[in-house]
Amino acid sequence: MSDNDGVTSPDAPDDRDCRDAPGVPGVRGVPGVPQALGAPGVPGVPEALGPTGPRPRLPSPLREAADERFARHGVRLLLKRDDLIHPELVGNKWRKLTPNLEAAAGRTVVTFGGAYSNHLRATAAAGRLLGLPTVGVIRGQELADRPLNPSLARCAADGMRLHFVDRSTYRRKAQPETLAAILRAVDAEDAYVVPEGGSNSPAVRGCQALGAELRDHGGVDVAAVACGTGGTLAGLAAGLAPGQRALGIPVLKGGFLGAGIEALQQAAFGARRGTWSLDDRFHCGGYARTTQELDAFAEDFEQRHGLPVERLYVAKMLYGLVALAAEGAFPRGTTVAAVITGAPFPDAGPGSQVASR
Ligand SMILES: Cc1ncc(COP(=O)(O)O)c(C=O)c1O
């Protein structure tokens with residue numbers, strides 16, 4: 001590792017924030033990426049998401065991870081610590097939500113999610129920090145009569161109004177008449193609507209900055225990310241340099257994600273962007289499903305690298321990378337950056353394993 005490639009050793013001090021970070025060529029100049037991503041003076045989104053809130057750590061740290069499962073194949077592993085960007089808008093949530101908060105321009109934000117949605121919690125927290133009203137439309141009418149689980153309780157404590165809908169209505173939420181009815185029901189017809197998982201064009205353009213950060217640092221050849229909707233991958237790939245490639249590990253079963261990512265890139269940039277591919281073999285049974293092997297792998301990875309491993313997404317991506325290294329899928333000399341897109345939700349307990357995005 002050279003001294004000036006922007007990579008820090010695993011035990012480098014963590015207390016640096018974006019004000020001290022060296023400038024990242026390309027980030028500010030990426031078309032469509034709002035200066036709000038850590039820069040002062042953008043209307044609608046204060047630099048620190050509130051007068052007393054922590055400032056985002058951007059660019060996020062890029063750490064060397066010594067791991068013989070990669071080293072023995074001549075592969076260098078880096079961890080792109082997006083989980084350290086902000087304590088409440090963790091990981092890709094910062095990158096996807098801040099451009100939307102800016103676009104909301106003070107209007108109520110309405111968004112969607114399941115009972116353990118990371119995206120809902122982040123939106124609720126942003127609402128509290130910015131003094132912005134938020135409404136969460138929750139999948140599952142039956143949940144309305146039960147005590148709130150810790151994730152929804154956190155949303156409510158952050159001031160989010162919760163509106164429960166039956167699963168059939170939830171499935172149709174993008175249809176104009178269903179959406180209009182939902183907005184009427186929550187008395188927020190002028191609201192700014194963010195889709196489930198937060199993946200829309202502003203979010204994809206926000207994630208372009210992630211790729212741009214990896215463009216000039218660390219000699220990265222492959223940037224790997226876990227995929228739900230694919231919005232993060234769509235932006236990441238667009239921000240990388242020619243010669244770099246993005247690898248997505250879908251956590252849902254089905255093999256349908258490629259078309260969705262193409263559509264997100266078309267909407268955000270008018271064309272497919274960057275070099276990216278998906279490897280569908282590591283969903284471990286589907287969304288929020290796990291196996292004993294995956295659980296053991298995640299625990300072991302935490303021990304080895306002192307990294308809290310988020311189980312729904314991040315664990316599957318890391319597991320996939322170790323398997324790919326073992327298969328010899330990366331030529332010797334490859335540097336792989338694993339994007340740590342989230343952190344475990346501490347209060348969720350075992351129920352979080354049946355979470356929704
Ligand atoms: C921790 C984490 N990683 C990755 C993802 C996948 O992001 P995307 O839906 O943009 O593919 C999510 C979902 O938003 C997430 O919560």
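Biologist: Which residues touch the most other members of the largest nonpolar core?

Modeller: This is a predicted model. In that core of 59 residues, they are Ala223, Ala224, Val225, Met317 and Ala338. Helix α11 (residues 314–327) gives the largest share, 8 residues.

Biologist: What is Val225 in contact with, leaving aside its neighbours within four places in sequence?

Modeller: Thr232, Leu233, Leu236, Ala246, Gly248, Met317, Val339 and Thr341.

Biologist: And what other core lies apart from the largest one?

Modeller: One of 34 residues. Val109, Val110, Ala115 and Ala125 are among them.

Biologist: Switching to α3. How many of its residues are buried?

Modeller: 11 of 13, so the helix is largely enclosed by the rest of the structure. The buried ones include Asn118, His119, Arg121 and Leu129.

Biologist: What do they pack against?

Modeller: Two helices, α2 (92–104) and α4 (150–157), plus strands β4 (109–113) and β5 (134–139).

Biologist: What span should α3 have, and how far apart are its end C-alpha atoms?

Modeller: At 1.5 Å a residue, α3 (residues 118–130) should span 18 Å. The end C-alpha atoms are 18 Å apart, which agrees. Gly131 follows the helix, with a positive phi near 70°.

Biologist: Now the ligand. Which residues are closest?

Modeller: Gly228, Thr229, Tyr313, Thr341 and Gly342, out of 19 that surround the ligand. The shell has 13 polar, 4 nonpolar and 2 charged residues.

Biologist: Which elements each supply at least two shell residues?

Modeller: α3 does, and so do β8 (222–227) and α8 (231–239).

Biologist: Where does the ligand lie relative to the domains?

Modeller: Between domain 1 (7–91 + 200–354) and domain 2 (93–198), because both give residues to the shell.

Methods
Residues numbered from 1 in each chain as written. Predicted model: local features only at pLDDT ≥ 70, side-chain atom pairs only at ≥ 80, totals over all residues. Helix = DSSP H or I, 4+ residues; strand = E, 2+ residues; numbered from the N terminus. Expected span 1.5 Å × (residues − 1). Buried ≥ 20, exposed ≤ 12 C-beta atoms within 10 Å, placed from the backbone. Contact = placed C-beta atoms within 7 Å. Core = buried A, V, L, I, M, F, W, Y, C linked by C-beta atoms within 7 Å. Near = placed C-beta within 6 Å. Nonpolar A, V, L, I, M, F, W, Y, C, P; charged D, E, K, R; others polar. Domains from an automatic or database assignment.
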